[in-house]
Amino acid sequence: MMEEKEALEKQNETEIKQEKKKKSLGRELLSLLGYLVIVLIATFLIVKFVGVRTEVIGTSMTPTLQDGDNLIVEKVTYYFRDPQRYDIIVFPYPEDPSRHYIKRIIGLPGETVQIIDGYVYINGELLDEHYGNAVMNNAGIAAEPITLGEDEYFVLGDNRNNSEDSRYAAVGNIKRSQIDGRAWLRIWPFSDIGFLKHQ
């Protein structure tokens with residue numbers, strides 16, 4: 001009888017331990033699931049409202065940016081202030097929103113932009129630029145004065161003779177709502193890691 005009682009007690013103890021292990025495993029799985037949900041929500045919020053990685057494709061921004069550079073584009077600045085002249089911004093290509101362009105803001109809302117003899121004029125004054133841009137061979141639609149709307153920006157690539165930008169009707173003036181963010185930090189290649197200068 002004693003042996004049967006001891007065997008039953010051991011069996012009960014084993015069942016209790018197994019039940020505790022199941023509950024412990026269940027709690028761990030729930031905890032892990034909760035952690036993953038928090039990470040996913042945080043990642044979504046960061047990408048949506050704070051910043052995102054992007055890659056430079058092409059040479060339209062040389063010498064400032066090179067083909068293959070990886071950048072962090074931050075979105076926070078524009079919650080507190082409007083985009084400024086010389087900011088390097090990222091926006092979707094109007095004819096194919098899956099592609100993104102990286103260009104420099106040249107003209108601000110309400111200004112008149114014109115390209116004369118390869119140089120940019122803002123409200124009739126020659127624009128002071130210092131980032132290695134070349135004299136433009138093609139003024140495009142900016143050969144005639146372009147007056148920007150209250151939420152429009154005129155953008156150019158730094159590699160002026162190899163850039164599809166606001167001079168071309170396919171891109172045109174960029175609206176404030178189209179701007180994804182401001183190029184902030186180069187993270188690749190490692191030899192060029194650093195914050196970007198916006199002049």
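Contacts between distant parts of the chain come up a lot here: of the contacts in the protein with a separation of 6 or more, 62% are between residues 24 or more positions apart. Keep in mind that this is a predicted model. The protein has 199 residues, and 35% of them are buried. Its secondary structure adds up to two helices and 12 strands.

**Overall layout**
- Starting at the N terminus, the elements go α-β-β-α-β-β-β-β-β-β-β-β-β-β.
- The accessible surface of the protein is about 12,400 Å², and carbon and sulfur atoms hold 57% of it.

**How far to trust the model**
- The mean pLDDT of the protein is 84, with 77% of its residues at 70 or more.
- Helix H1, covering residues 2-50, has the lowest mean pLDDT among the elements, at 62.
- At the other end of the scale sits strand E8 (residues 146-147), whose mean of 98 is the highest among the elements.
- Where pLDDT is low, it's best not to read the predicted coordinates in detail.

**A closer look at Tyr-101**
- You'll find Tyr-101 in strand E4, which spans residues 96-107.
- Is Tyr-101 buried or exposed? Tyr-101 counts as buried because its relative accessible area is 10%, and the cut-off for buried is under 20%.
- Setting aside neighbours within four places in sequence, Tyr-101 touches Ile-89, Val-90, Phe-91, Tyr-93, Glu-164 and Val-171.
- Val-171 shows how the chain brings distant positions together: Tyr-101 and Val-171 are 70 residues apart in sequence, yet their C-alpha atoms are 9.7 Å apart in space.
- Glu-164 has a polar contact with Tyr-101 too, side chain to side chain, at 2.8 Å.
- Another polar contact, at 3.2 Å, links the side chain of Tyr-101 with the side chain of Arg-99.

**Out on the surface: Phe-80 and its patch**
- Phe-80 belongs to helix H2, made up of residues 77-80.
- Phe-80 counts as exposed because its relative accessibility is 70%, and the cut-off for exposed is over 50%.
- Which residues form a nonpolar patch on the surface with Phe-80? They are Val-76 and Tyr-79, and together the three have about 350 Å² of accessible area.

**Two aromatic residues, two settings**
- Tyr-101 is buried at 10% relative accessible area, whereas Phe-80 is exposed at 70%.
- Tyr-101 sits in a strand, E4, while Phe-80 sits in a helix, H2.

Definitions and conventions:
Residues numbered from 1 in each chain as written. Predicted model: local features only at pLDDT ≥ 70, side-chain atom pairs only at ≥ 80, totals over all residues. Heavy atoms only, no water. Helix = DSSP H or I, 4+ residues; strand = E, 2+ residues; numbered from the N terminus. Buried < 20%, exposed > 50% of the residue type's maximum accessible area, 1.4 Å probe, protein only. Contact = heavy atoms within 4.5 Å. Areas by Shrake-Rupley, 256 points an atom, 1.4 Å probe, with all protein chains shown as cover. Polar contact = N/O pair within 3.5 Å; in protein donor to acceptor, adjacent residues only side chain to side chain. Patch = residues over 30% accessible without salt bridge, like charges linked within 9 Å, V, L, I, M, F, W, Y side chains within 5 Å. Salt bridge = Lys/Arg side-chain N within 4 Å of Asp/Glu carboxyl O. pLDDT = per-residue confidence, 0-100.
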